[in-house]
Amino acid sequence: MDRHERLIENLSRDLSPVAPARNVNLVGLAWLLASAIFVVAVTQWTDPVRPGVFGQFQEAPRFLLETLLGVAAITWVGLLAFRSAVPGELTRRFAVAGLALMALWLAQYVIGLVSPALEPSEWGKRPFCYLETMIYSAPPILAALFIARRLYPLHYRRTAMLLALAAGMIPALFMQIACMYDPSHILLLHVLPGLSMVLVAAALAAWWRLPR
């Protein structure tokens, strides 16, 4: 036995088998589902959704498409965020596609300032929807940061910001159903508060990574 073989044997002698890594896509989907259930439940508990909203899905196909586009964008960005927490798991193409889909969804509200999917109305308005959006996204963000920290992200702040983008947009999207429909109201009091959680997560990530 030469010295290289002896070295390999010595290094591997005390090694023990480890469990295979979890499928990060399944982890991301489980988090997305749990977060969506939490947001829907707590929003519905505080105040029911806008009366007649489900009939509006049938009456205005563009409103339905807008909502489904939001679901797709949030799901993609959520998976993107968890992939970014695993070294080598995220591809540039997947990241660009996810952020482009998010931008496409949010652009629908900008277009809606001129040509809204529904007739703007204050019907179903919630007085503190902007606070609800931020508060309801906080538990999913904290849970996601806790999970992501165990996946060995190389760029923890970037991962935290992506996770917060997905989490913040979940209540922002559901407010489209639970609160009044008006594109300017949605952009200022649903989307903007959701986006602000990205900065909160970045600050949390920076604090979390400080030496203890």
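These legends walk through four views of a predicted model. Residues are numbered from 1 along each chain as its sequence is written, and side-chain values use heavy atoms, leaving out hydrogens and water. Because this is a predicted model, local features need pLDDT of at least 70 and side-chain atom pairs count only at pLDDT 80 or more, while totals for chains, interfaces and linings use all residues.

**View 1. The whole protein is built from eight helices and zero strands.** Helices (H or I, at least four residues) and strands (E, at least two) are DSSP runs, numbered from the N terminus. Following the chain from that end, you meet α-α-α-α-α-α-α-α. Of the 212 residues, 43% are buried; buried means under 20% relative accessible area, exposed over 50%, and partly exposed in between (1.4 Å probe, protein chains only). Among contacts (heavy atoms within 4.5 Å) with a separation of 6 or more, 85% join residues 24 or more positions apart.

**View 2. Helix H2 covers residues 24–46.** Its 23 residues reach 33 Å from the first C-alpha to the last, close to the 33 Å expected at 1.5 Å a residue; the expected span is 1.5 Å times one less than the number of residues. At the N-terminal end, asparagine 23 acts as a cap, with a side-chain oxygen 2.9 Å from the backbone nitrogen of asparagine 25. The buried residues of H2 include Val24, Val27, Gly28, Trp31 and Leu32. An α-helix has 3.6 residues a turn, so residues three or four places apart point the same way. The buried residues of H2 pack against helices H4 (61–84), H6 (129–149) and H7 (156–178).

**View 3. Here is threonine 43, which lies in helix H2.** Is threonine 43 buried or exposed? Threonine 43 is buried, because its relative accessible area is 1%. Setting aside neighbours within four places in sequence, threonine 43 is in contact with Arg126, Tyr136, Phe174, Met175 and Ala178.

**View 4. The largest nonpolar core has 60 residues.** A nonpolar core is a set of buried Ala, Val, Leu, Ile, Met, Phe, Trp, Tyr and Cys residues joined through side-chain atoms within 4.5 Å. Phe63, Ile74, Met102, Trp105 and Met169 touch the most other members. Two or more residues come from each of H2, H3 (53–59), H4, H5 (92–112), H6, H7 and H8 (183–208). H7 gives the most, with 16 residues. Not counting residues up to four places away in sequence, methionine 169 touches Ile74, Met102, Trp105, Leu106, Val191, Gly194 and Leu195.

How values were computed. A polar contact is a pair of N or O atoms within 3.5 Å; within protein, one must be able to donate a hydrogen and the other to accept it, and residues adjacent in sequence count only if both atoms are side-chain atoms.
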